[in-house]
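Work through the following exercises with the sequence and the 3D view side by side. Each task is followed by a solution that goes step by step.

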Amino acid sequence: MKAVILAGGLGTRLSEETTLKPKPMVEVGGKPILWHILKSYSAHGINDFVICCGYRGYVIKEFFANYFLHTSDVTFDLQQNSMEVHQRHAEPWRVTLIDTGADTMTGGRLKRVREHVAKDDAFCFTYGDGVSDIDIGASIAFHRQHGKLATMTAVQPPGRFGAVDMDGSRILSFKEKPQGDGNWVNGGYFVLSPRVIDLIDDDSTIWEKGPMETLAQQGDMHAFHHHGFWQPMDTLRDKVLLEGLWDAGQAPWKQWP
């Protein structure tokens, strides 16, 4: 099975990092968050990726073109004009990088890579700016079980701020970042039939609006409920949070050795 990853947005809310690189290339633990996402899928046996590039997509292409340089020790012999790679960190990945346009919306980007998934019975689809410890294999099994066109992983994000328990004006206790309002939201990890692409009109189509709403109205989208870790990287605050978890050896999304 393939995984299609959206990696073309501007990342304006993370402008401290995205002036010179697309948001999926912002690093956590010395590796682009895109790398973490691929590692998560690979841990569940998915190693064939289609990446929808846009803003500064050449940075993503350069990373994979020089993957050994980014991940291994090397010796350059300038006199012999040669390079020796030490302890190669190879991955079992096949990565297809497609320029889907600088201003194309999320649905339009998916439509532009249609030929790469059209012959598959299903494919995974996600955003290139968040990590989770979702059981991807279980979500695929759930998708095949219900037999509809689309599966969306639903998550319950925690509250962003601490809460205060009060009796009138008297403060009784404090709660450090309690669970949110209990609503389920789009967690960004999908399993889809290629037939959903028929619902996308053109580059201006936003996946989260027309196509998803139509699938829901038709009864063709089911939710895979995920109760574990889920964290998008929308702001510098989010990046600092993920970096701290990684540095402390407590990154829940790290499901690989």
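**Exercise 1. The largest cavity**

Which element supplies the largest share of the lining of the largest cavity? Keep in mind throughout that the structure shown is a predicted model.

Solution. Begin with the cavity itself: the structure holds one cavity of 30 Å³ or more, and the volume of the largest cavity is about 40 Å³. Next, collect the residues that line the largest cavity, namely Tyr-41, Cys-124, Ile-134, Ile-136, Ser-139, Thr-151, Thr-153, Tyr-189, Phe-190 and Val-191. Then assign them to elements, where you will find that α6 (136-146), β10 (150-155) and β13 (185-192) each give at least two residues to this lining. The largest share, three residues, comes from β13. Finally, sort the lining by character, which gives seven nonpolar residues, three polar ones and no charged ones.

**Exercise 2. The largest pocket**

Determine the volume of the largest pocket and describe what lines it.

Solution. The volume of the largest pocket is about 790 Å³. Its lining is made up of 32 residues, and those closest to the centre of the pocket are Gly-9, Lys-23, Thr-106, Tyr-127 and Asp-129. Going on to the elements, β1, α5, β8, β13 and β15 (230-232) are the ones that give two or more residues to the lining, and the largest share, four residues, comes from β13. When the lining of the largest pocket is divided by character, the result is 12 nonpolar, 13 polar and seven charged residues.

**Exercise 3. Salt bridges along the chain**

How many salt bridges does the count come to, and which parts of the chain does the pair of Asp-120 and Lys-2 link?

Solution. As background, side chains of opposite charge can pair when their charged atoms come close. With N and O atoms within 4 Å as the cut-off, the count comes to 10 salt bridges.

Step one takes Asp-120 and Lys-2, which form a salt bridge whose closest N and O atoms are 3.0 Å apart. This pair links distant parts of the chain, since Asp-120 is in the loop between α5 (106-112) and β8 (123-127) while Lys-2 is in strand β1 (residues 2-7), 118 residues apart. To classify the two partners, recall that buried means under 20% relative accessible area and exposed means over 50%, with partly exposed in between. Asp-120, at 21% relative accessibility, therefore counts as partly exposed, whereas Lys-2, at 17%, counts as buried.

Step two turns to Asp-198 and Arg-114, for which the closest N and O atoms of the salt bridge are 2.2 Å apart. Because Asp-198 lies in the loop between β13 and α7 (210-218) and Arg-114 in the loop between α5 and β8, this pair ties together parts that are 84 residues apart in sequence. Arg-114 has a relative accessible area of 31% and is therefore partly exposed.

Step three examines Asp-121 and Arg-144, whose side chains meet in a salt bridge at 2.6 Å, N to O. Asp-121 lies in the loop between α5 and β8 and Arg-144 in helix α6, so parts 23 residues apart in sequence are tied together by this pair. Asp-121 counts as exposed, because its relative accessibility is 53%, while Arg-144, with a relative accessible area of 46%, is partly exposed.

Step four looks for shared partners: Arg-13, Lys-23, Asp-129 and Asp-234 are joined into one network by salt bridges that share partners. Of these names, Lys-23 and Asp-129 have already appeared among the residues closest to the centre of the largest pocket.

**Exercise 4. The loop between β5 and β6**

Where is Leu-78 found, and is Asn-81 buried or exposed?

Solution. Leu-78 is found in the loop between β5 (73-77) and β6 (82-86). Leu-78 counts as exposed because its relative accessibility is 77%. On the surface, Leu-69, Phe-76, Leu-78 and Met-83 form a nonpolar patch, and together they have about 450 Å² of accessible area.

Asn-81 is also found in the loop between β5 and β6, and with a relative accessible area of 71% Asn-81 is exposed. For the backbone, a general point helps: most residues other than glycine have a negative phi. Asn-81, a residue other than glycine, has a positive phi near 55°.

Technical notes. Residues are numbered from 1 along each chain as its sequence is written. This is a predicted model: local features need pLDDT of at least 70, side-chain atom pairs count only at pLDDT 80 or more; totals for chains, interfaces and linings use all residues. Side-chain values use heavy atoms; hydrogens and water are left out. Patches are made of residues with over 30% relative accessible area and no salt bridge: like charges are joined within 9 Å, nonpolar side chains (Val, Leu, Ile, Met, Phe, Trp, Tyr) within 5 Å. Accessible areas come from the Shrake-Rupley method with a 1.4 Å probe; for residues, only the protein chains shown count as cover. Buried means under 20% relative accessible area, exposed over 50%, partly exposed in between (1.4 Å probe, protein chains only). On a 1 Å grid over the protein atoms alone, a cavity is a set of points where a 1.4 Å probe fits but cannot get out, and a pocket is an open set with protein on both sides within 12 Å along at least five of seven lines; lining residues have an atom within 4 Å of a point. Grid points are joined across faces, edges and corners, and a volume is the space filled by probe spheres set on the points. Ala, Val, Leu, Ile, Met, Phe, Trp, Tyr, Cys and Pro count as nonpolar, Asp, Glu, Lys and Arg as charged, and the others, Gly among them, as polar.
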